[in-house]
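Q: Please take a close look at one part of this structure and describe it in detail. I am new to it, and each term should be explained when it comes up.

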Amino acid sequence: MNLIIRGLAVYFFILIIFRIAGKKSLSESTTFDLVLLLIISEVTQQALVGEDFSLSACFLLITTLVGTDVLISYLKFHWEPLGKLTEGKPLIIVNKGIPLFERMYKARVEYDDVLEAARQLHGIGTFEEIEYAVLEKDGSISIIPKKDLSRRTTSKTHKDD
Amino acid sequence: MAKEKTIEKVSYNIELDESLRAHVRSWKLQRVGWVLMLLIVVAALFGLCGGGPLSYRTKTANNDTLQYEYFLRYRGHAQLKLQMQHQTDTTRVGFPMAYWKGFQVEKITPEPFDTQLNNDSIVYFFKGVERGLIQFYVTPENRGTTGCKMTVNNETFPISHFIYP
């Protein structure tokens, strides 16, 4: 099969399979996930190049993959539904200190994942201190702390100074 | 529908385009995708992509048996196994060239003592076949459906394959 068609087939297959797998698969990886990704890349490489180890095949495939990615991002920018389809949208999973369990369940985000993000990003340890937690398009969790808490933290920092 | 209602609706004052409907739709599609992935894996285990009971085919003619796989993969390995009950002094096994050109022959056991090209077909000649077993190890070089009528002495075995890209 033509190299370019193989490249396009692999690109769209990976796009679909990761979209089906969900955002959780793209979030912070464990060691096992990293190894799994390496295995996937190895399997993909064999199907992509076959027995053609020429430099021209390599250049052609890289150009096809990067070019397709640029084209998709251009189309996403000009046509929003495509972005929704390929990347999804951010999702609020904690609202004014209350965890939204049904949303978390559907998005396969665990209670501990949110608290871990809160600890790492803002050094806060309870849901009460979180104004919003958002599951972003890339699978990461961003935390917006409550405003009075930010003020408290700021004034405490000033006192320490 | 009942499950959709349980998903919390929230009002928020940050600049965020959440689009809950799109999320609900994508969760549904994801579940369908997971089921599909499971079905594909189970079907593959049973041989839908080769190497299982769904793929194995056996043809019998005059007590001679030909075993082969219907589902093959491009540049994967394939085998045609001919088990003969009635052994003759010389066994002739023929394939139409149009079919045989789609495969790369890796190995034939036992090795034929002669090979002839006749009227768009290739014929292998075997002598004194041990245990009556002839095996062709081949690699598919084309994709899609293919097939032929393989001849063994005066018998005919219809073969067909689907080769995945």
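A: The description below deals with the sheet of chain A and what surrounds it.

The model is a predicted one: local features need pLDDT of at least 70, side-chain atom pairs count only at pLDDT 80 or more, and totals for chains, interfaces and linings use all residues. Residues are numbered from 1 along each chain as its sequence is written, while chains are lettered from A and ligands numbered from 1 in the order in which they are written.

Chain A has seven helices and four strands. Helices (H or I, at least four residues) and strands (E, at least two) are DSSP runs, numbered from the N terminus. Read from that end, the elements follow the order α-α-α-α-β-β-α-α-β-β-α.

The four strands form an open sheet in the order 2-1-3-4, with antiparallel pairing. Two strands pair if DSSP finds at least two bridges between them. Strand 2 (98-99) and strand 4 of chain A are at the edges and have a single partner strand each, so one side of each is left without a neighbour in the sheet. Strand 1 and strand 2 of chain A are joined by two bridges in the antiparallel sense. One of the residues involved is A:Asn95, whose bridge partner in strand 2 is A:Ile98. Helix 6 of chain A packs on this sheet and touches strand 1, strand 2, strand 3 and strand 4. The direction of helix 6 makes about 65° with that of strand 4 of chain A; axes are lines fitted to C-alpha atoms, for helices over the stretch in contact, and angles run from 0 to 180 degrees between N-to-C directions.

The next topic is the nonpolar core. This term means a set of buried Ala, Val, Leu, Ile, Met, Phe, Trp, Tyr and Cys residues joined through C-beta atoms within 7 Å. A residue is buried if 20 or more other C-beta atoms lie within 10 Å of its own, exposed if 12 or fewer, and partly exposed in between, with C-beta atoms placed from the backbone. In soluble globular proteins, nonpolar side chains tend to be buried together. Here the largest nonpolar core has 19 residues, and A:Ile93, A:Val114 and A:Ala133 have the most contacts inside it. Two or more residues each come from strand 1 (91-95), helix 6 (111-122), strand 3 (130-135) and strand 4 (141-145) of chain A. Strand 3 gives the largest share, five residues. Leaving out residues up to four places away in sequence, A:Ala133 touches A:Ile93, A:Val94, A:Val114, A:Ala117, A:Ile141 and A:Ile143. Touching, or being in contact, means that the C-beta atoms of two residues, placed from the backbone, lie within 7 Å. A second, separate core has 13 residues, among them B:Leu80, B:Met84, B:Cys148 and B:Phe157.

For chain A as a whole, buried residues make up 17% of its 161 residues. Among its contacts with a separation of 6 or more, 57% are between residues 24 or more positions apart.

Strands of this sheet also take part in the contact with chain B. That contact takes 17 residues from chain A and 19 residues from chain B. On the side of chain A, strand 1, helix 5 (101-106) and strand 3 give two or more residues each. By class, the residues on this side are nine nonpolar, three polar and five charged. Ala, Val, Leu, Ile, Met, Phe, Trp, Tyr, Cys and Pro count as nonpolar, Asp, Glu, Lys and Arg as charged, and the others, Gly among them, as polar.

One pair of helices precedes the strands in chain A. The axes of helix 3 (residues 55-78) and helix 4 (residues 80-87) of chain A come within 5 Å and cross at roughly 125°. These two helices are therefore oblique to each other; angles under 35 degrees count as roughly parallel, over 145 as roughly antiparallel, 65 to 115 as roughly perpendicular and the rest as oblique. Helix 3 makes the contact through A:Ile72, A:Leu75 and A:Lys76, and helix 4 through A:Leu82, A:Gly83 and A:Thr86. This contact has three nonpolar, two polar and one charged residues.
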